[in-house]
Amino acid sequence: MHSAVGVVRALTVMAGAVGAGGVANLHTINTWLDTQMIDFASGISVVAWSSDSRLFLTGHEDGGVELHRVLEGRTWVTSMRAGYSGWADQGNLLPPQVWGAFGAGPVISAALSPRDGWFLVVYETVARVVSLKRGTRLGSFEPESGARFTGMAHSSGRILVGQSNGRALLASMRTRKAMAFVEAHQGFEIRSVAFSPSGRRFLIATTAGVEIWSADTLTRVGELAGTKGAMITSAAYASRGRPRVLVTTSSKGKGNVRVWDVPEDGAAPEEALAFAAQFPGASVLTPDGESLVASKFSNTWSEQERVGIFSIKPHAWKFEFDLTRRGAPDVFLRASMYEVKLRSFSPDGEQLLSIPLKKK
């Protein structure tokens, strides 16, 4: 049914049956056994990890923010939302920290830097820099007049924030001031922005295509062929290793997953993988860029519904569950890992956060 890939922990956020909350389950991927759960007060919209993979930040649909720590198989959680906060270890609450909301509407992106003592929470109308220790606001960025923020990427003390007008804001986190604006396809809404592992390149994805830019000269150095006019839902670099880019397109829950090798020596990007996917926007590269996690769909009955880790070169499942071959539907597997809207790997590749779709 599947092949072993070693023990990898995964934190899966299960959609709640009633209301907007949910439950988090910590698993080992090769056995899929539950180890513990965390209750959430609101649905999760974004995830950001610390560079050492010990902390992760969840941004929520109600605008709240929660900070989580994974330590020796235990998950500690503190919630930075009015009326619901505090560190918890298997239900043992420490003195709560009650911090108010940082903006209106859902959180659309976030970054976490414990070493520098801050985290960044992005809403459509404002991006807030917040002290990790005190929860106080250290600074903010606002979109240009008539525009709204659509996404954000962070690398080496810089952030790149996409806007609905096709312009991206490049800012310094040291000075907390804008450095420049980058015009991609003006008038086309930016869907995703991302830095390469080296920080020397960044991508800007709009409905007009995916462009690759130099982070040093702020000039466009290439584009990914075949992305113009596509219904792009996400585009991202692997967080380390080779410069490899994942682009997903979607229509009515189905779409395509495409992966490119994007050299930084001037060579042209080369497509490395493409296949049809269910819930393609939730597909994610492993940090080293060698594999991805996806819910695969095809018209071949034996491969109709699969979820697992897929090797890019060579093309093969390294670890997978075939829900079709399991006979009676496995409700837990389908809800926790197949029907999902977001996945996020920790930088060390040992943990995976998966956010299932809400059930109507």
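The following conversation goes through the salt bridges and buried residues of a predicted model.

Biologist: What makes up the chain as a whole, in helices and strands?

Modeller: The protein chain has 1 helix and 31 strands, and buried residues make up 56% of its 360 residues. Its accessible surface comes to about 15,500 Å², with 52% of that belonging to carbon and sulfur atoms.

Biologist: Why is the pair Glu183 and Arg167 called a salt bridge?

Modeller: The closest N and O atoms of Glu183 and Arg167 are 2.9 Å apart, and the name requires a side-chain nitrogen of Lys or Arg within 4 Å of a carboxyl oxygen of Asp or Glu, so the term applies. Glu183 lies in strand β17 (residues 177-183) and Arg167 in strand β16 (residues 167-172), so the pair ties together parts that are 16 residues apart in sequence.

Biologist: Why is Glu183 called partly exposed, and why is Arg167 called buried?

Modeller: Glu183 has 35% relative accessibility, and partly exposed is the class between under 20% and over 50%, so that is the class that fits. Arg167 has a relative accessible area of 18%, and buried means under 20%, so Arg167 counts as buried.

Biologist: Which residues are joined with Arg167 and Glu183 into one network by salt bridges that share partners?

Modeller: Glu144 is joined with Arg167 and Glu183 in that network, and the structure as a whole holds 8 salt bridges.

Biologist: How do you know that Arg244 and Asp261 meet in a salt bridge?

Modeller: The N to O value for the side chains of Arg244 and Asp261 is 2.6 Å, and the cut-off is 4 Å, so the pair qualifies. Arg244 lies in strand β23 (residues 244-251) and Asp261 in strand β24 (residues 254-261), which means that the bridge ties together parts that are 17 residues apart in sequence.

Biologist: What makes Arg244 and Asp261 count as buried?

Modeller: Arg244 has 0% relative accessibility and Asp261 has a relative accessible area of 14%; buried means under 20%, so both residues belong to that class. Not counting residues up to four places away in sequence, Arg244 touches a list of residues including Tyr237, Trp260, Asp261, Glu290 and Lys313.

Biologist: Why do Arg258 and Glu271 also receive the name salt bridge?

Modeller: Their side chains meet at 2.8 Å, N to O, and the limit is 4 Å, so the name holds here as well. Arg258 lies in strand β24 and Glu271 in strand β25 (residues 270-278), so this bridge ties together parts that are 13 residues apart in sequence. Glu271 has 35% relative accessibility, and partly exposed covers what is between under 20% and over 50%, so Glu271 counts as partly exposed.

Biologist: Why is Val245 called buried, and which residues is Val245 in contact with, leaving aside its neighbours within four places in sequence?

Modeller: Val245, found in strand β23, has a relative accessible area of 0%, and buried means under 20%, so the term applies. Its contacts, leaving aside neighbours within four places in sequence, include Leu203, Leu224, Arg258, Trp260 and Leu285. Val245 and Trp260 are 15 residues apart in sequence, while their C-alpha atoms are 5.2 Å apart in space.

Biologist: How many of the chain's contacts with a separation of 6 or more join residues 24 or more positions apart?

Modeller: Such pairs account for 39% of those contacts in the protein chain.

Note on methods:
Residues are numbered from 1 along each chain as its sequence is written. This is a predicted model: local features need pLDDT of at least 70, side-chain atom pairs count only at pLDDT 80 or more; totals for chains, interfaces and linings use all residues. Side-chain values use heavy atoms; hydrogens and water are left out. Helices (H or I, at least four residues) and strands (E, at least two) are DSSP runs, numbered from the N terminus. Buried means under 20% relative accessible area, exposed over 50%, partly exposed in between (1.4 Å probe, protein chains only). Contact means heavy atoms within 4.5 Å. Accessible areas come from the Shrake-Rupley method with a 1.4 Å probe; for residues, only the protein chains shown count as cover.
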